[in-house]
Amino acid sequence: MKLTLSLNGHSTELVAAPGARLLDVLRDAGCTSVKRGCETGDCGACCVLLDGEPVNSCVVPAAFAADAIVTTLEGLNDDPLMRRLQDCFLEAGAVQCGYCTPGLLLVAWQRLREGGELTEYDVRHAMSGNLCRCTGYAKPVRAVLDAWEAMP
Amino acid sequence: MAFCDFKLHKPESVTEACRLGREFGRTCAYMSGGTELLVDLRSGRKKVAHVIALGGLKELREIRRDGDTLHIGAQATLSEIAEAPLVHEVFPALAEAIVTMAGVQIRNLATMGGNFSCGVPCSDTPPITCAAGGSIVVAGPDGEREVAARDFVLAPRTTVLNPGDIVTAIRIPVQPTTSGASFQRFTMRRGSALAVASVSAWLNVEQGVITAARVVMGAVGPIPLFAENCAASVVGQAPGDSVFADAGALAAAEAQPISDLRGSEQYRRDVVAVLARRALACAAARAEGRTS
């Protein structure tokens, strides 16, 4: 099955086996920030933005991405807000093994873009679909709050 | 890499979806957000040759007011429902139940239609819909019918849906201003966790006296369970701590929990007693306008 979608800002044609998940085709297309984690929709490591909203790509059939706009972390390399968020993660020591980091960055980026007040609870709520077994969450939460405070 | 072998169908109308479901019978499954089905297909719990995706049916995504009813399209995502001003206006306890379900990535996909159709005992939206006196609109090969939410789930993962039937909407009556509802849930973590137990309470309070009550328990029985004795015990009473504590104990006795990795049978009963007391107190405060 051939699939046309906008992937990280470029119109892209991908080949997907019947029953393939969005997770599979994105990794095959070189977007390895999309991690294969629990594969049951629980851990958030495979998070991508589908038409601008975070979803777990392990529970999305590839066929659903036809004509959709898909953004992975690779697509936000030059985004100023993402750069700032990444810097804050580094400065706060919010990355250990790094497996959950792309998913955390995407949901945090999306939450920061929504704007409005941001409390520690809000950050934890926004990130509650992303499991991290290394950091204990305190430093990633700090990093997001740091990025928010640095926003113009 | 194919992770399971099925043909994906994307019907363009409810009629076509029903026809496909009847044609393929047990060899097919309907899919809403896919957050349950794709996991079941992958684990081998379910095996089907055809998956009929309902998410593309735009007419099933509407959230609107129909006279004295809140109409929630079966394919509206949980995020859309939790954020809809109309839901907050008509029945805020539903948004309260949804906002703590799973994580945002799942709420952006999952739907109430899927939640009901799966009939999983620890689901959160069926019990609160039952407490609201809601109903489920079902379209099938022979037309449309409306089923009371409390009659919809028959047993774990078993509902009144026949082959070719799909849920098209959840309908919740606009609530009297003298009523209030609350959803209370206990989980091992505050996010991304399934319920150990939940209690949904709905009360109508007139001139300081409870005139009607519904209490529905989730994750402590094969289906959403009405705590009839608990609800009956508060009717005719004035809202108060001791009334609600006694009612909580009745709910605990009416629960039918199993022991599993989320909690033992006895633990769940103890949790139900507390949740029921809190849900009743919160619903009463809302009914009397003491809190929002």
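This is a short talk on a predicted model, covering chain B as a whole, two of its residues, and the domains of chain A.

Hi everyone, thanks for coming. Please keep in mind throughout that we are looking at a prediction.

Let's start with chain B. Its secondary structure comes to 11 helices and 14 strands. If you put a box around the C-alpha atoms along the principal axes, that box is roughly 60 × 45 × 30 Å. How does the radius of gyration compare with that of a compact globule? For 292 residues you would expect a value near 19 Å, and chain B has 19 Å, so the two agree.

Now for the inside and the outside. Of the 292 residues in chain B, 57% are buried. The chain exposes about 12,100 Å², and 51% of that area is supplied by carbon and sulfur atoms. For those of you who think in electrostatics, chain B carries 29 positive and 29 negative charges, and the mean positions of these two sets are 6 Å apart.

What about contacts along the chain? Take the contacts in chain B between residues at least 6 apart in sequence: 61% of them join residues at least 24 apart.

Let me zoom in on a residue from one of those strands. B:Thr168 sits in strand E10, which runs over residues 166-173 of chain B. Is B:Thr168 buried or exposed? Its relative accessibility is 9%, and the cut-off for buried is under 20%, so B:Thr168 counts as buried. Beyond its neighbours within four places in sequence, B:Thr168 has contacts that include B:Val14, B:Leu60 and B:Ile72. Also among them are B:Gly73, B:Ala74, B:Val137, B:Val138, B:Ala139 and B:Glu144.

My second residue is B:Val39, and this one is in a helix: H2, residues 37-43 of chain B. With 18% relative accessibility, B:Val39 is under the 20% limit and therefore counts as buried. Which residues does B:Val39 touch, once neighbours within four places in sequence are set aside? They are B:Gly34 from chain B, plus A:Thr40 and A:Val59 from chain A.

That takes us over to chain A. The domain assignment splits chain A into domain 1, at 2-75, and domain 2, at 78-149. Over C-alpha atoms, the centres of these two domains of chain A are separated by 21 Å. Their contact takes 17 residues from domain 1 of chain A and 13 residues from domain 2 of chain A.

That's my tour, and I'm happy to take questions.

Technical notes: Residues numbered from 1 in each chain as written. Chains lettered and ligands numbered in written order. Predicted model: local features only at pLDDT ≥ 70, side-chain atom pairs only at ≥ 80, totals over all residues. Heavy atoms only, no water. Helix = DSSP H or I, 4+ residues; strand = E, 2+ residues; numbered from the N terminus. Rg over C-alpha atoms; globule rule 2.2 N^0.38 Å. Buried < 20%, exposed > 50% of the residue type's maximum accessible area, 1.4 Å probe, protein only. Contact = heavy atoms within 4.5 Å. Areas by Shrake-Rupley, 256 points an atom, 1.4 Å probe, with all protein chains shown as cover. Lys, Arg positive; Asp, Glu negative; His and termini not counted. Charge placed at Lys NZ, Arg CZ, Asp CG, Glu CD. Domains from an automatic or database assignment.
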